[in-house]
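Here's a quick briefing on a few helices and a pair of cysteines. Have a look at the model first, then we'll go through it by topic.

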Amino acid sequence: MVHPDFRAADLHSHTTASDGRLTPEELIRLAKEKGLAAIGVTDHDTVTGLEGALAAGNSYGITVVPGVELSTEWEEKEIHILGYYLDWLEGNLLGFLEAMRRERSRRVARIVTRLQELGYNVNLGEVQREAQGEAVGRPHIAAALVRRGYFPNLKTAFKTLLARGRPAYVPRAKVAPVRAVEVILKAGGVPVLAHPGLSQADPLIPDLVAAGLQGIEVYYPYHSAGVTKHYLELAARFDLVVTGGSDFHGIVDESHGDLGACCVSMAKVEELQARAKKIKERTTKV
């Protein structure tokens, strides 16, 4: 439970629209139960959960920060870029997400074919059923393998078959992090580098800032005190908004925290809103 004297915002969470376990309405209800003042809904490469989340926010009296988490790659590393307060119906953004959705579907089909060649009795239909939402991906393949009894949990399925370098791994189509920043800015949103301690891509940060990066996710469940201090210093150096969130997916494991486990104050939400307003003003003038 979040301390009642602290108006807390967890700015990183996922729903069934991507690879979360809770529907948008269930997620917002849980945020209310935990005493959060605000929650960022940031599904992977899709905005289809935002309408339901915003409606639930109105019902439960909790601020929903509309967002997205875009998957990119840089020097063999996965780099995730969060976008906040973007116009999630903007045409360029929707076109970009649709292209990503098609690529995700092609990649999943190739992975399933590879698994079948390796002797695993799993098919595309059951993977799609695991997905529920439109953003199908490796977590749903892992869930299908677990349901079939091949592995005890998602972590083992990834380590054995689906992680980079493992037998069923298929590379994703490369989207540059700078491109994701540009897409978010064009949609009037605030681009933020997600969990930098995991991606370990510090040399990339100056290029992202030059492209328009506005924030960095400093507070994260698996950032140590030293890592947190390091990114606080970088945020100050580059004039970036300091954000934080649990990366809640509906379960708590070594990769994701419990909802409310990592928060920032509502002042940071207001700072994101202020930056979004300036970005939208600049975008309108162009």
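Helix H10 (residues 225-238) has 14 residues, which should span 20 Å at 1.5 Å a residue, and its end C-alpha atoms are indeed 20 Å apart. The expected span is 1.5 Å times one less than the number of residues, and helices (H or I, at least four residues) and strands (E, at least two) are DSSP runs numbered from the N terminus. Bear in mind that this is a predicted model, where local features need pLDDT of at least 70, side-chain atom pairs count only at pLDDT 80 or more, and totals for chains, interfaces and linings use all residues. Residues are numbered from 1 along each chain as its sequence is written, and side-chain values use heavy atoms, with hydrogens and water left out.

**Helix H10**
- Thr228, Tyr231, Leu234 and Ala235 of H10 are buried (under 20% relative accessible area, with exposed meaning over 50% and partly exposed in between, for a 1.4 Å probe and protein chains only).
- Those buried residues fall within an arc of 125° seen down the axis of H10, so they line one face of the helix; the arc is taken from the directions from the helix axis to the C-beta atoms.
- Over on the other side of H10, you'll find Ala225, Lys229, Ala236 and Arg237 exposed.
- The buried residues of H10 pack against helices H8 (196-199) and H9 (205-211), plus strands E6 (215-219) and E7 (241-244), with contact meaning heavy atoms within 4.5 Å.
- Asp239, just after H10, takes a positive phi of about 55°.

**Helix H1**
- In H1 (residues 24-33), the buried residues are Pro24, Leu27, Ile28, Leu30 and Ala31.
- Looking down the axis of H1, these fall within an arc of 160°, so they line one face of the helix.
- Their packing partners are strand E2 (38-41), helix H2 (50-60) and strand E3 (63-74).
- Gly35, just after H1, has a positive phi of about 85°.

**Helix H3**
- H3 (residues 91-117) runs for 27 residues and reaches 39 Å from its first C-alpha to its last, close to the 39 Å expected.
- Its buried residues include Leu93, Phe96, Arg104 and Arg107.
- The buried residues of H3 pack against E3 and helices H4 (124-131), H5 (138-147), H6 (154-162) and H7 (177-186).
- After H3 comes Gly119, with a positive phi near 100°.

**Cysteines**
- There are zero disulfides in the structure (pairs of cysteine sulfur atoms within 2.5 Å).
- The sulfur of Cys263 is 7.3 Å from the closest cysteine sulfur, in Cys262, too far for a bond.
- Cys262 is buried at 12% relative accessible area, and Cys263 is buried at 17%.
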